[in-house]
Amino acid sequence: MPMILDSPASSSTTSLLEKDEREERRRVHHEADIIIVGAGIVGCAAAVAFGRQGRSVILLERSLKEPDRIVGELLQPGGVDALEKLGLADCLEDIDAVPCYGYSVIYYNDPVEIPYPKDKAGKRPEGRSFHHGRFIQKLRTAAMKTPNVTVVESTVTDVVKNGWTGQILGVECTTKSAQDYYFGALTIISDGYASKFRKEFIPNAPEVRSKFWALELIDAELPAPKHGHVILSDGPPTLIYQIGSHETRILCDIPEKLASASVANGGVKGHLRNVVLPSLPKCTRPSFELAIEHGKFRSMPNSFLHPSTQKTPGMIILGDAMNMRHPLTGGGMTVAFKDVVLLRQLLSPENVPALDDTNVVVKQMQRFHWKRKHGSSVINILAMALYSLFAADDPNLKVLQRGCFKYFQRGGACVDEPVSLLAGIIVHPAVLVYHFFAVAMYGIWIKISEAPLAQKPLAALSGFAVIWTAVCVIGPYLVSELRW
């Protein structure tokens, strides 16, 4: 038998007898209203959300040991707000989480601070950074304590499908070499970026743009404590943020076939020593050098996967299995929690009394695809556009990159609105498009103003190429977010 952990049997909306029957169905007969695959960010949040609505939920996870990952460590203020709406804000407590008040962008050793803007009450919103595994374990504990939720440690190997209708009826599992099955009116797949089910049910495939190579710095000194740091230089971008009282994460982006990371140049270590180290603030370099010598090198692919409408009866795919963006801006968990908040509303008992009413669920998922764009589109587009900018590898992109930094130096709305987009506070794509092209025009103006008098006409003409580059950078992601 698989390891099964269940929540206390108590509810004001159902009788004790009904709860006993529902619990027995989950434990003995392996039946529930909802089967959730993956007890990560999305799976745990969804289990809690639906369990508190009175739905019977079975949450399946391959291993309940604390995970050890190098991303999913920074939650933007918009994500913190969504977590509060789900009643899970206490999961950020007692895990040595560090408040995050904004960013510091360091452009060729020249810094500019980009704090989250104060709200109408004069309070500055907070993000949080932490060890991913500690946060996951708190979410899992919350799921285990939620009425109507049973957590099972088991490996899902396949879905169970009705051969006539194509409807998903549940999943097939393996636990200690024993075959098992779990059945539900609705199956939610949230098995992460390496999803084994995506290829069969999602029409889009992830595009891998680069890898983040990670090290953990001990007692690192940062120029702007409790801020994320984005380092821009001749190489791809580097991201630094504190994840505990003594630990700081550094993520170094390395695209495939990067010359400075070739075997001839010393591989990844060579790139870190020769390119990344000189670009870091002097106060941070000692801890980085120690980490290169004695640290544990780890990597993870940076992928883009645009969302698509889901029409498979009886199944929903969520999280990184369905939608990914470059983790440079730390927006993944914010999108995930906002998705759960929206899905909780659309599939509530008031809107969908019976989850086995497949036609109604499919219609609600069509609504979900479009309504979620308020929480995801800006974050998705911004993450990919900023990565293209910050990993600039041609002259026109360099003009945009420098224009972006100088734009931030202006302060005011040139900082407050862009960082609010990144934080998941402003969710209007039009604001993003406005600032992106404002950056392009500002970069062109700087180029013209700094050019010698005789070269100013040529600099002005080159501005058309810069604008076209800006269109090529942001255009594909705008299109991908607008299509079905």
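Two rings of Phe, Tyr or Trp (for Trp, the six-membered ring) make an aromatic pair when their centres lie within 6.5 Å. By that rule, this predicted model holds nine aromatic pairs. One of them joins Phe130 and Phe135, whose ring centres are 4.6 Å apart with 40° between the planes, a tilted arrangement. Here is a friendly tour of the rest, from the overall fold down to single residues.

**Overall shape and surface**
- The protein is built with 14 helices and 18 strands.
- For 484 residues, a compact globule would have a radius of gyration near 23 Å, and the 24 Å found for the protein agrees with that.
- Along the principal axes, the C-alpha trace spans about 85 × 50 × 45 Å.
- Buried residues make up 56% of the 484 in the protein.
- The accessible surface comes to about 20,700 Å², and carbon and sulfur atoms account for 56% of that area.
- Among contacts with a separation of 6 or more, 73% are between residues 24 or more positions apart.

**Aromatic rings**
- Both members of the tilted pair are covered: Phe130 has a relative accessible area of 0% and is buried, and Phe135 is buried with a value of 0% too.
- Tyr442 and Trp445 form a stacked pair, with ring centres 6.1 Å apart and 10° between the planes.
- The angle of 10° counts as stacked because it falls under 30 degrees.
- Tyr442 and Trp445 both sit in helix H13 (residues 429–450), where three residues, about one turn of the helix, separate them.
- Trp445 has 54% relative accessibility, so this residue counts as exposed, the cut-off being over 50%.
- Tyr107, Tyr108 and Phe405 are linked by ring pairs into a cluster.

**Ala214 and its surroundings**
- Ala214 belongs to strand S13, which covers residues 207–218.
- With a relative accessibility of 2%, Ala214 is buried, because the limit is under 20%.
- Beyond its neighbours within four places in sequence, Ala214 is in contact with Ile70, Arg249, Ile250, Leu251, Lys296, Phe297 and Arg298.
- The C-alpha atoms of Ala214 and Cys252 are 6.3 Å apart, although 38 residues separate the two in sequence.

**Helices H9 and H10**
- Gln364 is located in helix H9 (residues 358–371).
- This glutamine is buried, with a relative accessible area of 9%.
- Setting aside residues up to four places away in sequence, Gln364 touches Leu346, Leu347, Asn351 and Val352.
- Helix H10 runs over residues 373–390, and its 18 residues should span 26 Å at 1.5 Å a residue.
- The end C-alpha atoms of H10 are 24 Å apart, which agrees with the expected span.
- H10 is mostly covered, with 16 of its 18 residues buried.

**Annotated region**
- An unreviewed UniProt entry lists residues 31–94 under "domain: FAD-binding".
- In the model, that span is 33% helix and 22% strand, and its end C-alpha atoms lie 34 Å apart.
- Ile70, one of the contacts of Ala214, has a position that falls within the listed residues 31–94.

Terms used
Residues numbered from 1 in each chain as written. Predicted model: local features only at pLDDT ≥ 70, side-chain atom pairs only at ≥ 80, totals over all residues. Heavy atoms only, no water. Helix = DSSP H or I, 4+ residues; strand = E, 2+ residues; numbered from the N terminus. Buried < 20%, exposed > 50% of the residue type's maximum accessible area, 1.4 Å probe, protein only. Contact = heavy atoms within 4.5 Å. Expected span 1.5 Å × (residues − 1). UniProt positions renumbered as here; feature names shortened; annotations may be inferred. Rg over C-alpha atoms; globule rule 2.2 N^0.38 Å. Areas by Shrake-Rupley, 256 points an atom, 1.4 Å probe, with all protein chains shown as cover. Phe/Tyr/Trp six-rings, centres within 6.5 Å; stacked < 30°, edge-to-face > 60°.
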